[in-house]
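Visitor: I'd like a close look at one part of this structure, with its surroundings filled in as you go. Please take your time and connect the pieces for me.

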Amino acid sequence: MKQLLSLVLRGKSVSLAAGLVLGLIITVPQAAADTPEEIITKRLNEAVPGLRVDSVQESAVPGLYEVRTNNRDMIYATEDGEYIVAGEMLQLTDNGVVNVTEKARSGERAKTMAAFGEEGLITYPADGDQKAEVDVFTDIDCPYCRKLHDEMGRLNELGITVNYYAFPRSGPGTPSFAKYESVWCAEDQLAAMDQAKAGETVPDASCDNPVEEQYQLGREVGVTGTPAILTEDGNMIRGYVPADKLAEGLGLL
């Protein structure tokens with residue numbers, strides 16, 4: 001019996017939805033499993049070749065399970081695995097609309113970032129007592145990344161420590177990627193970063209460096225553009241935000 005799939009498509013969910021649609025044309029037998037987690041995993045694996053189910057757990061909605069897969073899209077399934085929803089789950093509360101899906105992603109991002117550690121970062125520390133810390137995936141050649149960097153002094157003055165992670169959008173083997181490696185390998189990383197962000201030429205340098213690892217980390221946590229600012233709880237702010245506005249969002253102003 002062909003299965004009916006309810007799909008809610010938003011942004012990057014299109015790739016997952018395409019795979020799920022393929023599952024419509026094949027017959028998926030009822031999974032011989034005891035728990036909803038096993039049933040959902042089995043049915044999805046059979047319906048969508050190449051899809052890896054990493055985890056299945058109950059969502060905030062009774063009877064609906066949150067499914068994490070290898071393509072970073074969040075999907076939801078009924079306990080029998082018959083109905084699938086791909087997209088964002090929103091909750092209407094007395095205080096407005098809450099994106100439940102993004103809240104779950106934030107928790108996973110925080111865990112992933114913590115597991116990666118802080119070794120190899122280019123860090124601009126807060127002036128005096130640190131009041132907040134943000135991780136920024138940055139591309140030296142990105143205009144809005146440069147605009148954010150121009151406000152580094154104000155960010156530090158506000159008590160915000162900024163950790164730079166490499167995310168040259170053009171990818172490995174490109175001039176922008178090599179430029180970030182030169183900055184990282186420079187004797188004075190902060191001076192080299194300031195120089196590069198100002199559009200000035202940085203002397204070529206090479207060494208063992210974490211630029212590609214940081215780039216892959218960015219892809220893993222869902223960075224698609226720069227700057228991508230991650231708060232300590234894993235929330236991602238996509239794009240440039242003025243220093244005072246960022247501080248306000250962090251509860252510092």
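Guide: Happy to. One definition helps from the start: a residue counts as buried under 20% relative accessible area, as exposed over 50%, and as partly exposed in between. Keep in mind, too, that this is a predicted model.

With those cut-offs, let's begin at Leu-90, which has a relative accessible area of 46% and is therefore partly exposed. Leu-90 sits in strand 5, which covers residues 90-93. On the surface, Leu-90 joins Leu-92 and Val-97 in a nonpolar patch, and the three together have about 330 Å² of accessible area. For scale, the accessible surface of the whole protein comes to about 13,100 Å², with 50% of that belonging to carbon and sulfur atoms.

From here, let's move along the chain to helix 3, the part I would like to dwell on. Helix 3 spans residues 100-116 and lies across strand 8, strand 9, strand 10 (228-230) and strand 11. Against strand 11, helix 3 runs at about 100 degrees.

Within helix 3 we find Thr-101. Its relative accessible area is 0%, so Thr-101 is buried. What does Thr-101 touch, once neighbours within four places in sequence are set aside? Its contacts are Met-74, Tyr-76, Gly-87, Glu-88 and Met-89. The C-alpha atom of Thr-101 is also separated by 9.9 Å from that of Asp-73, a residue 28 places away along the chain.

Charged side chains belong to this helix as well. Arg-105 and Glu-102 both lie in helix 3, three residues apart, about one turn of the helix. Their side chains meet in a salt bridge, at 3.1 Å from N to O, and both residues are buried. The pair is part of a network of salt bridges that links Glu-88, Glu-102, Arg-105 and Arg-109. Glu-88 has already come up here, as one of the contacts of Thr-101. The structure as a whole holds 12 salt bridges.

For contrast, look at helix 5 (residues 152-157), where Arg-154 and Glu-157 are also three residues apart, about one turn of the helix. Their salt bridge has an N to O distance of 2.9 Å. Here Arg-154 is partly exposed at 29% relative accessible area, whereas Glu-157, at 52%, is exposed.

Now back to the strands that helix 3 lies across. Strands 8, 9, 10 and 11 belong to an open sheet of five strands, ordered 7-9-8-10-11, with mixed pairing. Strand 7 (122-124) and strand 11 (236-238) stand at the edges; each has a single partner strand, so one side of each is left without a neighbour in the sheet. On average, neighbouring strands of this sheet are turned by 25 degrees against each other, direction ignored. Strands of a sheet pair through backbone hydrogen bonds, either parallel or antiparallel. In this sheet, strand 8 (residues 132-138) and strand 9 (residues 160-166) run parallel and are joined by seven bridges. Phe-137, for instance, has Tyr-165 in strand 9 as its bridge partner.

To place this part in the whole: the protein has nine helices and 11 strands, and 44% of its 253 residues are buried. Among contacts between residues at least 6 apart in sequence, 62% join residues at least 24 apart.

Methods
Residues are numbered from 1 along each chain as its sequence is written. This is a predicted model: local features need pLDDT of at least 70, side-chain atom pairs count only at pLDDT 80 or more; totals for chains, interfaces and linings use all residues. Side-chain values use heavy atoms; hydrogens and water are left out. Helices (H or I, at least four residues) and strands (E, at least two) are DSSP runs, numbered from the N terminus. Buried means under 20% relative accessible area, exposed over 50%, partly exposed in between (1.4 Å probe, protein chains only). Contact means heavy atoms within 4.5 Å. Accessible areas come from the Shrake-Rupley method with a 1.4 Å probe; for residues, only the protein chains shown count as cover. Two strands pair if DSSP finds at least two bridges between them. Axes are lines fitted to C-alpha atoms, for helices over the stretch in contact, and angles run from 0 to 180 degrees between N-to-C directions. Patches are made of residues with over 30% relative accessible area and no salt bridge: like charges are joined within 9 Å, nonpolar side chains (Val, Leu, Ile, Met, Phe, Trp, Tyr) within 5 Å. A salt bridge is a side-chain nitrogen of Lys or Arg within 4 Å of a carboxyl oxygen of Asp or Glu.
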